[in-house]
Amino acid sequence: MPEWDTVRLEFDDDDDVATLTVDRPDRLNALNVETLRALRDAISEAESEDARALVLTGAGEKAFIAGADISHMQDLSTTEAQEYAELGHDVADMLESFPAPAIAAVNGYAFGGGCELALACDLRVASENAVIGQTEIDLGIIPGWGGTQRLARVVGDELARRLIFFGERIDAQDAHEMGLVGEVVAHDQIDAHVEEMARDLAKRPAFALQAAKEALNQTHEGTQSAGLRYERRLWSSLFGTHDQREGMAAFLDDREPEFK
Ligand code: COA
């Protein structure tokens with residue numbers, strides 16, 4: 001199996017559960033180019049090994065992933081920033097489309113790109129010490145690896161705007177209350193707990209899980225303008241039906257409608 005300096009890929013005894021650990025604890029697992037490339041390769045490797053569940057976590061006691069690497073980003077040109085964004089998007093997309101469930105074990109700080117990679121996973125479990133946020137606004141930028149799209153889908157539009165506009169850093173309990181993480185567990189339990197979840201998933205019918213994931217992902221597809229066009233078509237197609245004629249006539253006649 002290939003090896004990378006800043007990412008570890010390990011399998012359980014049955015070779016079913018792949019655990020990806022971002023391993024840069026001295027930088028709180030911040031994602032520089034090398035680490036993003038390693039993540040991309042390691043996710044491909046897990047897929048080619050037919051992993052039936054994938055876990056993403058961070059090395060050390062403090063952080064899941066403290067975000068994109070700010071020292072790398074500081075002097076990027078627009079073109080370089082585009083390349084960096086593409087790399088981050090690739091990794092997030094690969095997690096989202098991984099053919100088996102992906103679980104983020106959020107075992108500490110998950111800011112910026114860390115929050116975004118967690119959002120690209122199917123499920124999120126946080127440890128009690130986790131602190132999560134799309135904090136980019138304080139760096140003069142916005143979430144650039146999918147956070148503007150995925151956060152709103154998870155917590156709702158208004159809350160996502162609040163979190164992104166204010167760059168709020170929220171604790172695990174608040175994250176749970178807003179539905180950003182599915183559950184909170186003690187810090188010393190998170191690895192075992194997530195491993196158990198992943199093993200449980202790995203025992204279930206793999207094709208059905210993949211189909212469920214694909215179908216659920218489909219609800220995220222399509223643009224708002226396409227949705228609005230669809231709505232307009234559906235709305236106007238109802239005109240001329242019995243129920244539309246009857247409903248409006250009944251209102252104007254001030255009587256109860258008789259629908260078919
Ligand atoms: N990029 C690059 N380096 C980072 C980093 C990041 N996103 N997050 C942390 N580091 C580095 C720190 O610069 C520090 O390096 P140093 O030891 O050379 O000084 C090291 O990791 C440890 O971090 P430190 O800030 O000393 O730890 P802390 O416990 O005091 O604070 C955080 C932890 C996560 C609260 C704080 O590091 C932080 O706010 N990081 C930035 C988070 C962020 O905005 N991420 C979004 C990026 S888009």
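**Exercise 1.** How many residues apart in helix H8 are Glu 195 and Arg 199, and by about what part of a helical turn are they separated?

*Solution.* The model is predicted: local features need pLDDT of at least 70, side-chain atom pairs count only at pLDDT 80 or more, and totals for chains, interfaces and linings use all residues. Residues are numbered from 1 along each chain as its sequence is written, and side-chain values use heavy atoms, with hydrogens and water left out.

Step 1. Helices are DSSP runs of H or I with at least four residues, numbered from the N terminus. Helix H8 spans residues 190–203, and Glu 195 and Arg 199 are 4 residues apart in it, hence separated by about one helical turn.

Step 2. A salt bridge (a side-chain nitrogen of Lys or Arg within 4 Å of a carboxyl oxygen of Asp or Glu) joins Glu 195 to Arg 199, with the closest N and O atoms 3.1 Å apart.

**Exercise 2.** Determine which residues of helix H6 are buried and which side they occupy.

*Solution.* Step 1. Buried means under 20% relative accessible area, exposed over 50%, and partly exposed in between (1.4 Å probe, protein chains only). In H6 (residues 157–166), the buried residues are Ala 160, Leu 163 and Ile 164.

Step 2. These residues cover an arc of only 90° around the axis, taken from the directions from the helix axis to the C-beta atoms, which puts them on the same side of H6.

Step 3. Glu 158, Phe 165 and Phe 166 are exposed on the other side of H6.

How values were computed:
Helices (H or I, at least four residues) and strands (E, at least two) are DSSP runs, numbered from the N terminus.
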